[in-house]
Structures are given as C-alpha cells and as structure tokens.
Amino acid sequence: MKIGILTSGGDCPGLNSVIRGAVLKGVISHDAEFVGFRWGWRGVVEGDIVPIVRHDVRGLSKQGGTILGSSRTNPFEGEHAGPDNIRRMLDEHDIDAIIAIGGEGTLTAARRLVDEGGLPVIGVPKTIDNDLAATDYSFGFDTAVEIATEAIDRLRTTADSHERCMVLEVMGRHVGWIALHSGMAGGAHAILIPEQPMSIEEICEYVESVRDRGRAPLVVVAEGFKLDTMDEAHSHLGLDAFDRPRLGGIAEKLAPMIEARTGIESRHTVLGHIQRGGAPSAYDRVLATRLGMAAVDAAVDRAWGSMVTLRGTDIERVTIAEATGGLNRVPQARYDEAKILFG
Ligand SMILES: Nc1ncnc2c1ncn2[C@@H]1O[C@H](COP(=O)(O)OP(=O)(O)O)[C@@H](O)[C@H]1O
Ligand SMILES: O=P(O)(O)OC[C@H]1O[C@](O)(COP(=O)(O)O)[C@@H](O)[C@@H]1O
Ligand SMILES: [Mg+2]
C-alpha cells in the first residue's frame, strides 16, 4: 500500500511525531510505502509530492513545525482542484490512501472529498486550540498550554515588581481551552473566554479585589473573547485565506479600559505564534505518535472517512463527520469551577 500524508491548517507541535509514527508503523507492520504532499492540500491539488522513507523520520518526533509544510489551500478551489482531479492525481502516482492531519477546516474538506468524491481519506485531528469535537484532547494543545503557563509565570514577577495589571492574550480561535488551562495553571485572577462574554465592570471588580489584597492582577484573555457589548470577536488583522476574520487584539483593547476604570497601570502582551512553535511536550509526542500509528491501521483497513481520536486513554476511530459536526467548547461546569478562583 502507498500512503500519502499531508499537514494542513495552522501548524502545531507534534505534526512531525504523527508523520514519524505513521511511517514507522506502516513500514514495520504493513510493508507500506509513503509519500508526503507538500504544503497541505496545495500539494494534493498540484501534485507536489515527495517520497518519505524510514530514514527521513529519524529523530523527527521532537521537531517542531512540519517537514511537509502547511497551508490553508482549499482543495475545492482552483483549476486542478476538486475530487475528480485529485482522483486522477492519486491514480497517476499509485497512491492508495491520503492521511490528512488537520483541524476542523482541513477535516471538513476531507469529509467533503470522501462524501462527494469517494476519495480514500483518513483524518488525524490536530490543533493547539482543542476545538475539535470527538477527541478528548488534540496534540499541540498541551504544548501550547505549557508555553502560555510559562508566560503567565514570567508576567507575574514583573507585574509584582511594578504593581501593574497584566493582560495576556492567548490563541484558541472561538474556544477558550488554552486560556482556561493556562489560566488555571498560572493562577490567573480572571480568565476571559469566547464561551462566556463578560462586562468590563465585572472584569474590573476582579482586578480591584486583587489589588486590594496587595497583589498584581493577571488577566488571561482568549483571542475570541467578547465583552458583553461586542457582537463579534475583536479583529483588526483582515481576513485569512478562507475569508474568516483573523482574530487578535482584544488584550490591547482591554488593558487601557482596565487602567482607565481602576487607576491601575496596565500592560498587555500578545503571545501569538510562540504558542505554536518549538518542540512538542512529551505528552503531545506520545499522543501524536499513537494517532499516526492508528491512522495507518485505519488506512490498511480501508476505513475511509474515519478519523483516529483520543477517548480517555484509548485511541479509537470515529467518522470525520462526527469530528466536524460542532466545536468542542468549554462547558459551563468547567468555567464555573475555574471562576471560584477569580479575583
Ligand atoms: N467547509 C470547507 N470546505 C472545504 N475546505 C475547507 C472548509 N473549511 C476549511 N477548508 C479548507 O481547509 C483549510 C484549513 O482550515 P483551517 O480552519 O484554516 O485550519 P484547520 O484545519 O487547522 O482547522 C482552509 O483554509 C480551507 O481551505
Ligand atoms: O497562523 P494564522 O493564520 O495567523 O492563524 C492563527 C490561528 O491559528 C491558530 O493558531 C490555530 O488554528 P487552526 O488549528 O484552526 O489552524 C488559532 O489559534 C489562531 O486563531
Ligand atoms: Mg481550526
């Protein structure tokens, strides 16, 4: 069997661990051959293909980024796009299966290619945002939380020195998982997430109560957070390749509002792509490796349209449709639990 692998969407620590896990399992257990599609779906559409042999994945698990490159190319748009063209490309190169490693966008495209074109695709969930349904955690999330937690720890010492309020903006698109977990780990005094709009008055009450206890307030805000007066998440960065608003800038907006209302000198920090860079955590390497191995097994079983997933501590299979049916949002109970520690 010849299997083609692609990585698509925002990159994420652990992508290379998936590639290594898949290639090792495929070569050792199934005598499979591998190729990589360069730059996500763009490589599929343009037939930009490189061979991957066992030697290529040596020492790859700990390496950040993706050796195949990524993009936000839409496989349904452009002269050579669409299921029929992709089928011809697969036949031309004798490729029997595509393993698509991506988030909800990539997997939605994968599902359409299976449903509309009957293409042989297996999905592997990736996202630092942890916004995919049908998987308890996605690899990359643990690493991003670790990085954000370290940033909180560092911000708190400088905040204490100057009696300042620090507002840290983290990623997550329309869900608040990175903010919730890093905020809890770092002892943030308020955690602001898209699932829970809040008023500036309530935020300032938390900040003032922290100051009144003689501490320097630390607020973590997810990029998709909305004040109760906002209809849309803050975006001043234009649109992405798929015409969605690029989120970001809410911390810069909140810090002066907090300063004006409380009189506490306030600063904002945007963590940005640092959250996606560098080596994956040990947890993410293990999870990603296991998912890569399971994806090859699914391809050998010709379980097209399925996605490998983490349920508890087990790797299972679900349909890609289940994974893309809705966002994995922070449940009310998880937020209520964290909220006890605010202020
Ligand atoms: N509904 C869709 N139909 C077809 N292609 C899609 C769809 N949603 C997203 N994609 C493609 O998948 C790419 C990756 O999606 P994106 O959300 O940016 O990353 P991720 O896969 O990490 O969620 C998008 O740029 C787009 O080209
Ligand atoms: O890298 P870009 O294009 O600036 O995108 C930033 C977005 O990508 C992410 O880092 C990851 O999102 P995806 O998993 O959907 O690719 C989001 O948290 C963030 O909103
Ligand atoms: Mg996404």
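These legends accompany three close-up views of a predicted model. Residues are numbered from 1 along each chain as its sequence is written, while chains are lettered from A and ligands numbered from 1 in the order in which they are written. Because the model is predicted, local features need pLDDT of at least 70 and side-chain atom pairs count only at pLDDT 80 or more, whereas totals for chains, interfaces and linings use all residues.

**View 1. The shell around ligand 1.** Ligand 1 is surrounded by 18 residues (C-beta atom, placed from the backbone, within 6 Å of the molecule), and the closest are Gly9, Arg72, Gly103, Gly105 and Thr106. Helix α4 (residues 104-117) gives the largest share of this shell, six residues (helices are DSSP runs of H or I, at least four residues, and strands runs of E, at least two, numbered from the N terminus).

**View 2. Ligand 2 between two domains.** Around ligand 2 there are 15 residues, of which Gly9, Gly10, Gly103, Thr127 and Met171 come nearest. Domain 1 (2-139 + 277-324) and domain 2 (141-275) both contribute to the shell, so ligand 2 lies between them (bounds from an automatic or database domain assignment).

**View 3. Helix α8 and its buried residues.** In α8 (residues 250-262), the buried residues are Ile250, Ala251, Leu254, Ala255 and Ile258 (20 or more other C-beta atoms within 10 Å of a residue's own, exposed being 12 or fewer and partly exposed in between, with C-beta atoms placed from the backbone). They cover an arc of only 125° around the axis, which puts them on the same side of α8 (the arc of the directions from the helix axis to the C-beta atoms). Just after α8, Gly263 takes a positive phi of about 80°.
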